[in-house]
Amino acid sequence: MDRLSSFAVERRLQGLAFAIALLALLPTPAFAHASDRGHVLLLPTGYYLVGGAFVVAVSFLVLALLPAASIDRFWRRRLPLFTFGDSARASLSLISFAGFSILVTAGLFGSRDPLSNPLPLVIWTLLWAGLTLLQGAFGDLWSWLNPWYGPWRLASRLRGASDEGLWRLPRWIGCWPAVILFFAFAWFELIDPAPDDPARLALVAGFYWLLTFLAMLMFGYRGWSRSGEFLTIFFSMVARFAPVERDEKGRLALCWPGAKLSAAEPLPASGIAFLLLALSSVSFDGLSKTFFWLGLFGINPLEFPGRTAVIGSGSLGLVLTFVLLAAVFLLAVVLGQRLAGSGPPLAQAAGLLVWSIVPIALAYHVAHYLTALLVDGQYALAALSDPFALGWNLFGTADMQVEAGIVAGAASAWWLWNIQAGAIILGHVLAVLIAHGFAWRLHPQPARAALSQFPLTLLMIAYTVFGLWLLATPTVG
């Protein structure tokens, strides 16, 4: 009877695999691509959409046929490097805090031009776009560079307080404070009329630093970093994708990208919401600038009235994008559990499989912010040499010529779009690989594990096409 059941499951798996291959081969129309700098270049993006979906589908088929042991051996490979201690961590954080203080002061009293004042350039370009990429490549640099650890360590020693803080956060609170603060951050970045205004940003950044510092004194650095400080939580999640691993004794080793995710434990509901919000917010950032989205609200994209006119629709869209992604993700997990016929509770399955969102979120982040990083990163280097617009040249970069043409022209658009598209496709393929590893943990029987991944793979294929469409469709701004 067990053999007949196993045979039936394998037959269903073969049928579903055939269906997913057909879905990936469905023809799609071509779109035009518009860069952030406004030039339009026609590309055969229909081929990219089909190719991206096909690659993700094929990766599912290959992984469905591989034995679980071979994938497990793949994830466990390590190349030892050297030991790196924590002795300089507090010092680096104090230096970071000093730099942050200078940037906030520059925001309040420096140039009003967002491309000349270093504060918006450092926060939106070097920190949010650049450091995210470095976290995904080299590991958790933020734990060394954040501007709270050093001041908190110093204040705790002066007060003679313990590292645990005055109170402990209840376990049920999870990281819901970070979810709320991350949503506020996303709203400020995407919806607020003037997030680039140096003085406005200085007040927001300074207030958030003070709020976080006080919370760390009350609940401990470790406690608040795990529950309320959204940048630390986001960067630590991204760092799990990095091919550099550091153990508790400071020993460094190289591993495969995403290998550290294979040992992750199921996230609670707040952790699931946080990761889905990270992906949905950057997706809505791209969607909100498309001609399609603006047309839904009767706005002529060629006569864009400015952010003030779209605060309501933007706020609604930010919430709806998150709700829709969460609903579709949970539906995919539920359907996968039913296809497999058995398995752990929904909360455990969703909490484990949501980790596969990390490479997708990182890929979208890289693709979406690549042009800004390449151009505004040059403005940041120039502005840092003269933070108060007083004619200084501290690092010899104040007079550097910004090469905006790096993202302009047909040749630049071709290689830029290929890098962006490649990042999205690779992120989804790695997500399928990681999700399969989790599926084998949830369903020890290989056939059932592969069946449980079919709905989630369909979601990843659809999101691949959606992400490539966002890159290809005309946008404003």
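Me: Let me check the cut-offs: buried means under 20% relative accessible area, exposed means over 50%, and partly exposed is what lies in between, with a 1.4 Å probe and protein chains only. Is K289 buried, exposed or partly exposed?

Reply: K289 is partly exposed, with a relative accessible area of 26%. Before we go on, some ground rules. This is a predicted model, where local features need pLDDT of at least 70, side-chain atom pairs count only at pLDDT 80 or more, and totals for chains, interfaces and linings use all residues. Residues are numbered from 1 along each chain as its sequence is written, and side-chain values use heavy atoms, with hydrogens and water left out.

Me: OK. How many of the chain's residues count as buried, as a percentage?

Reply: 51% of the 477 residues in the protein chain. For areas, the method is Shrake-Rupley with a 1.4 Å probe, and for residues only the protein chains shown count as cover. The protein chain has about 22100 Å² of accessible surface, and carbon and sulfur atoms own 69% of that.

Me: What is the secondary structure made of?

Reply: Helices (H or I, at least four residues) and strands (E, at least two) are DSSP runs, numbered from the N terminus. Here you get 19 helices and five strands.

Me: How do I read the sheet, and what is its strand order?

Reply: Two strands pair if DSSP finds at least two bridges between them. This one is an open sheet of three strands, ordered 3-5-4 and paired antiparallel. Strand 3 (79-83) and strand 4 (244-246) are the edges; each has a single partner strand, so one side of each is left without a neighbour in the sheet. Neighbouring strands are turned by 25° against each other on average, direction ignored. That angle is taken between axes, which are lines fitted to C-alpha atoms (for helices, over the stretch in contact), and angles run from 0 to 180 degrees between N-to-C directions. Strand 4 meets strand 5 (residues 251-254) over three antiparallel bridges, and E245 stands opposite A253 in strand 5.

Me: E245 caught my eye. Which residue does E245 form a salt bridge with?

Reply: First the rule: a side-chain nitrogen of Lys or Arg has to sit within 4 Å of a carboxyl oxygen of Asp or Glu. For E245 the partner is R78, with the closest N and O atoms 2.7 Å apart. The pair links distant parts of the chain: E245 belongs to strand 4, while R78 is in the loop between helix 3 (68-76) and strand 3, 167 residues apart. Both ends are partly exposed, E245 at 24% and R78 at 32%.

Me: How many salt bridges does the rule give?

Reply: The count is three. One of them joins R200 and D192, with 2.9 Å between the closest N and O atoms. There, D192 is buried at 4%, whereas R200 is partly exposed at 38%. Your K289 is in another, meeting D285 at 2.4 Å, N to O. D285 is buried, with 4% relative accessibility.

Me: What about greasy surface? Which residues make the nonpolar surface patch?

Reply: Patches use residues with over 30% relative accessible area and no salt bridge; like charges are joined within 9 Å, and nonpolar side chains (Val, Leu, Ile, Met, Phe, Trp, Tyr) within 5 Å. The patch here covers about 510 Å² and consists of L92, I95, L134, F138, L141 and L145. Helix 4 (89-109) and helix 5 (118-138) are the elements giving two or more residues to it. I95, in helix 4, counts as exposed at 58%.

Me: And contacts? Which residues does Q135 touch?

Reply: A contact means heavy atoms within 4.5 Å. Leaving out residues up to four places away in sequence, Q135 touches D140, L141, W142, F235, S236, V238, A239 and A242. Q135 lies in helix 5 and is buried, at 0%. Chain-wide, take contacts between residues at least 6 apart in sequence: 79% join residues at least 24 apart.

Me: Last one, on backbone angles. What is the sign of phi at A389?

Reply: Positive, about 55°, although A389 is not a glycine. A389 sits in the loop between helix 16 (357-385) and helix 17 (410-442), and is partly exposed at 47%.
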